[in-house]
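Me: I have a model open and would like to know what stands behind the labels people attach to it. Could you take me through them?

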Amino acid sequence: MASNKAAFFDKTGIPLRIGDAPIPQPGPDDIVVKNYAVAINPVDFYQWSTGAMIKNYPAVLGHDVAGEVYDVGSSVTKFKKGDRVAGQAWGFKTGQPQDGAFALYSNIPSKNSASLPESIAFKDAAVLPLAIDTAATGLFLAESLDLPWPEENSKPIEKTIIVYGASSSVGSMAVQLAKAAGARVIGVASKVNADFVKEAGADLALDYRDPNVIEDAVKSIDKSSFVGIYDAIGNEASHKIVVPIFERIGGKSRYATTRATPDNLPKDVSRYRIVGMGEHVFPIWKTFVADALQSGKLKCLPRPEVVGTGLESLQTGVERMGKGVSATKLVIEL
Ligand SMILES: NC(=O)c1ccc[n+]([C@@H]2O[C@H](COP(=O)([O-])OP(=O)(O)OC[C@H]3O[C@@H](n4cnc5c(N)ncnc54)[C@H](OP(=O)(O)O)[C@@H]3O)[C@@H](O)[C@H]2O)c1
């Protein structure tokens, strides 16, 4: 008889508590996943250390799951018990413990999930879901960068974007998805990660610590094809680089950010603050993710660093996340 356990967040300042939890009952459009790997994101450390945006205590944190379907909701036809899947858990939004990722079993929206080929290990797939959703939100919505949604056979398009923070989990996924949509992509990351940024698909990798980075970015862009900047970092450091790039290129363009928007963005630049969770991301899961994983067009990047096994390792992982990572994603195997 299956039984569930979760890593409960009771309050800030104390470690996550491993305790018994009911096996989730799937909502009509949901699936219950028996998790084999979960990934840790910056927001998990942020919530654990501050309590920000926690709706109810005890909470179950976490967004990224990979595992096997254990149960399906009454309206779900896409999956059956035993299927290998990865997807995003929506506990951040619903506030329901059964919807958090940091558990042996999680309830997740079936439309925010994709089948995994046998060739992809759960620990590799766990790096994908939140990054896919956050990248897709900033790239493909009419109000964000408005690129065409990627297809398995997308043709090159006359559009160029800059991905700032291209070695991060979200940034490298933005590089992959923008390339899959046919765009030309200039990635900005540290020099040591230039090869990684190119592996994700960038046509050019620039170093954000190089004093010439702004000039080099502007020179590399044909103004007529420039769409805008996907800023995966969205802080003062990124603003110091993206604002002058917009100023130097001039004209109408677009800015999408995972965090803050600079106050001094030129007025012709539209601005969009990304929320990487919601129904707006369902198209990419419906038409692209599973096939692109199968064909190899979508890669599980950045590569995971497995920091431990079992729910007990989550605390170590969350605290590690607080120290920051470079071109990797912290994963716990269950
Ligand atoms: N709005 C949303 O819905 C949403 C969703 C997901 C994430 N986020 C936020 O988006 C940000 C990125 O998330 P993530 O998971 O992708 O982070 P991550 O992978 O943990 O980010 C680490 C990377 O950030 C890069 N970086 C740090 N400072 C930088 C700077 N000044 N310039 C350029 N790159 C810099 C590092 O690059 P180097 O090692 O190459 O220096 C490193 O590879 C986080 O703040 C996260 O909280 C928001």
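Reply: Happy to! This is a predicted model, and we can start with Pro302, which is placed in the loop between helix H10 (289–295) and strand E15 (304–309). The peptide bond leading from Leu301 into Pro302 is cis, its omega being near -5°.

Me: Where is the other proline with a cis bond, Pro58?

Reply: Look in the loop between helix H1 (42–50) and strand E4 (59–60). Tyr57 and Pro58 are joined by a cis peptide bond with omega of about -10°. The loop between H1 and E4 also holds Met53, a non-glycine residue whose phi is positive, about 60°.

Me: On to the ligand. What makes the pair between Ser167 and the ligand a polar contact?

Reply: A polar side-chain atom of Ser167 is 2.7 Å from a ligand oxygen. The cut-off for a pair of N or O atoms is 3.5 Å, so this pair counts as a polar contact.

Me: What about Ser169 and Arg273?

Reply: In Ser169 a backbone N or O atom lies 2.9 Å from an oxygen atom of the ligand. For Arg273, a side-chain N or O atom is 3.2 Å from a ligand nitrogen. Both distances are within 3.5 Å, so these pairs qualify too. As for cover, the ligand taken alone exposes 930 Å², and the protein buries 82% of that.

Me: How do you know that the ligand "sits in" the largest pocket?

Reply: The ligand does sit in the largest pocket, which means that more than half of its atoms lie within 2 Å of the pocket's grid points.

Me: Which residues come nearest to the ligand?

Reply: Out of 25 residues around the ligand, the nearest are Ser167, Val170, Ser190, Tyr208 and Ser326. By type, the shell has 13 nonpolar, 10 polar and 2 charged residues.

Me: And which helices and domains supply that shell?

Reply: Helix H4 (129–140) and helix H5 (169–180) each give at least two residues. Domain 1 (4–127 + 303–333) and domain 2 (132–273) each contribute at least three.

Methods. Residues numbered from 1 in each chain as written. Predicted model: local features only at pLDDT ≥ 70, side-chain atom pairs only at ≥ 80, totals over all residues. Heavy atoms only, no water. Near = heavy atom within 4 Å. Polar contact = N/O pair within 3.5 Å; in protein donor to acceptor, adjacent residues only side chain to side chain. Areas by Shrake-Rupley, 256 points an atom, 1.4 Å probe, with all protein chains shown as cover. 1 Å grid on protein atoms, 1.4 Å probe; cavity = no way out; pocket = protein on both sides within 12 Å on 5 of 7 lines; lining within 4 Å. Helix = DSSP H or I, 4+ residues; strand = E, 2+ residues; numbered from the N terminus. Nonpolar A, V, L, I, M, F, W, Y, C, P; charged D, E, K, R; others polar. Domains from an automatic or database assignment.
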